[in-house]
Amino acid sequence: MKDQLRGCIKITAKGKNLYRFINMIHCGRIMCFEQFCRNDTFFAEIYRHDLAKVKAIAEECGIELEHRELPTLSSKLLKYRRRIGLLIGAVFAVFIIAYFSNVVVTIEIQGNNTVCDEDILAVLDELGIRSGAHIRDLDLRYCENELRVRVKGVSWAAIRRTGNRIVIDVTEVVPAPEAPKRNVPCNIVSSKDAQITDFTVLDGFLMHKIGDHVRKGSLLVSGVTSTKWKENYLHHAMGEIIGKYDETVVFSGSFETVRNVLTGNECSDDSLRLFSLDIPLSFGRRSYEQQRTEVSDSPLVLFGKELPVSVVRRRNSETSLETVTLTPEELESELNRRIFIYEKNFIPEETKVIDRTISKEVTASGITLTVNYTLEGNIGIEKELLVKSR
């Protein structure tokens, strides 16, 4: 195997004093290998640093000398010796690798469900664990103990380092289940004017049957029972009373409304984010008094890992408050969207919508939609019994 660092030169020599040339090479302690003679021509390989000596001997002996460098690692590097940019890039790459191997690049939190990442990261930041912190300066054992004390809801925590990544494993406090108040005597009363369609009574005395119409506040299941000896016993009434009831909701809107509208003016606010430091990349106008902002973050990826270096692009669109006149179709579409949001958020999933009718009233100023629902669901609510003490 050729010497990859010192470099190898293949020489070809011919002339009248060829053997004198060969003897002077050997006497000059020049390392010469792969040597042979053929047709009064001497072939050999020498190290690059001996080439100047061989040239001097060849000139002294009147030998015609030809040489070429064999492909080695050092020969390839010599081709780029005048390319300062590549050298600077290589040095910078070595520096970056050395730097990022000794600082915290990413922080991962595992095992938390109820405790949010922001609370844990805020405490870690106070303890010095943040992107860009030197790993050697961190006392991970101390930070584990402090994390358990400072973060509410964390019963156990472990912090470990894997390369330039800090992994936090947490175990949350499991709250004791709240004991049902089954010893508190109560009745079940109606929360709506409804017609009973079904029931399930687990404890207590049912006061109505299927098909009965009840008013809001009517007693449905009594928590008081009496014996034939006229002794009264108090119970925690439990059960589910299903009833059919009507509900009316009104949605109204005006044709003229004030909204934030785009003016058409836009500007960009780009920055280079290095850990938590933002370095501006754009100049001139970067924001408006009232604006709508779209943010995109493009992190730098090295060997499949995201580095804490990214380009943050903010596109700001100027807005202004203006009075907008809606067409009847646009206003009605907006009201229908509000109806959908109401049904999604305020009608329980277990409640069945039997019927829905919408009546529309159009005036000179706007539109009013009146929605009449016929619903079927649980109408019973618990009402505590107040017992006079003797």
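Colleague: Which residue is the bridge partner of phenylalanine 205 in β12?

Modeller: In this predicted model, the bridge partner of phenylalanine 205 in β12 is serine 222.

Colleague: What makes β10 and β12 a pair?

Modeller: Strand β10, residues 205–206, is joined to β12 by two bridges, and the strands run antiparallel. Pairing needs at least two bridges, so two bridges meet the cut-off.

Colleague: How many bridges are there between β8 and β12?

Modeller: Two bridges, in the antiparallel sense, link β8 (residues 186–190) with β12 (residues 219–222). The cut-off is at least two, therefore β8 and β12 count as paired. Isoleucine 188 stands opposite valine 221 in β12.

Colleague: Why is glutamate 349 called exposed?

Modeller: Its relative accessibility is 82%. Exposed means over 50%, so glutamate 349 counts as exposed.

Colleague: Where is glutamate 349 placed?

Modeller: Glutamate 349 is in the loop between α7 (328–346) and β20 (352–362).

Colleague: What makes glutamate 349 eligible for a surface patch, as far as accessibility goes?

Modeller: A patch residue needs over 30% relative accessible area, and glutamate 349 has 82%, so that condition is met. Glutamate 349 forms a negative surface patch with Asp198, Glu240 and Glu350.

Colleague: Why is this patch called negative?

Modeller: Asp and Glu count as negative, and the patch is formed by Asp198, Glu240, Glu349 and Glu350; therefore the patch is negative.

Colleague: Which strands are the edge strands of the sheet β11-β9-β15-β21-β20?

Modeller: Five strands form this open sheet, with antiparallel pairing. Its edge strands are β11 (213–214) and β20, since each pairs on one side only.

Colleague: How do you know that β20 pairs with β21?

Modeller: There are 10 bridges between β20 and β21 (residues 366–378), and the strands run antiparallel. At least two are needed, so the pair qualifies. As one example, arginine 356 has tyrosine 373 in β21 as its bridge partner.

Colleague: What makes β19 a partner of both β16 and β18?

Modeller: Strand β19 (residues 305–325) is joined to β16 (residues 256–274) by 16 bridges, and to β18 (residues 291–302) by 11 bridges. Both counts satisfy the cut-off of at least two, so β19 pairs with β16 and with β18. Both pairings are antiparallel. Glutamate 256 stands opposite threonine 325 in β19, and valine 301 stands opposite glutamate 306 in β19.

Colleague: What phi does phenylalanine 303 take in the hairpin of β18 and β19?

Modeller: Phenylalanine 303 takes a positive phi near 55° in that hairpin, which has two residues between the strands.

Notes. Residues numbered from 1 in each chain as written. Predicted model: local features only at pLDDT ≥ 70, side-chain atom pairs only at ≥ 80, totals over all residues. Heavy atoms only, no water. Patch = residues over 30% accessible without salt bridge, like charges linked within 9 Å, V, L, I, M, F, W, Y side chains within 5 Å. Areas by Shrake-Rupley, 256 points an atom, 1.4 Å probe, with all protein chains shown as cover. Salt bridge = Lys/Arg side-chain N within 4 Å of Asp/Glu carboxyl O. Charge placed at Lys NZ, Arg CZ, Asp CG, Glu CD. Helix = DSSP H or I, 4+ residues; strand = E, 2+ residues; numbered from the N terminus. Buried < 20%, exposed > 50% of the residue type's maximum accessible area, 1.4 Å probe, protein only.
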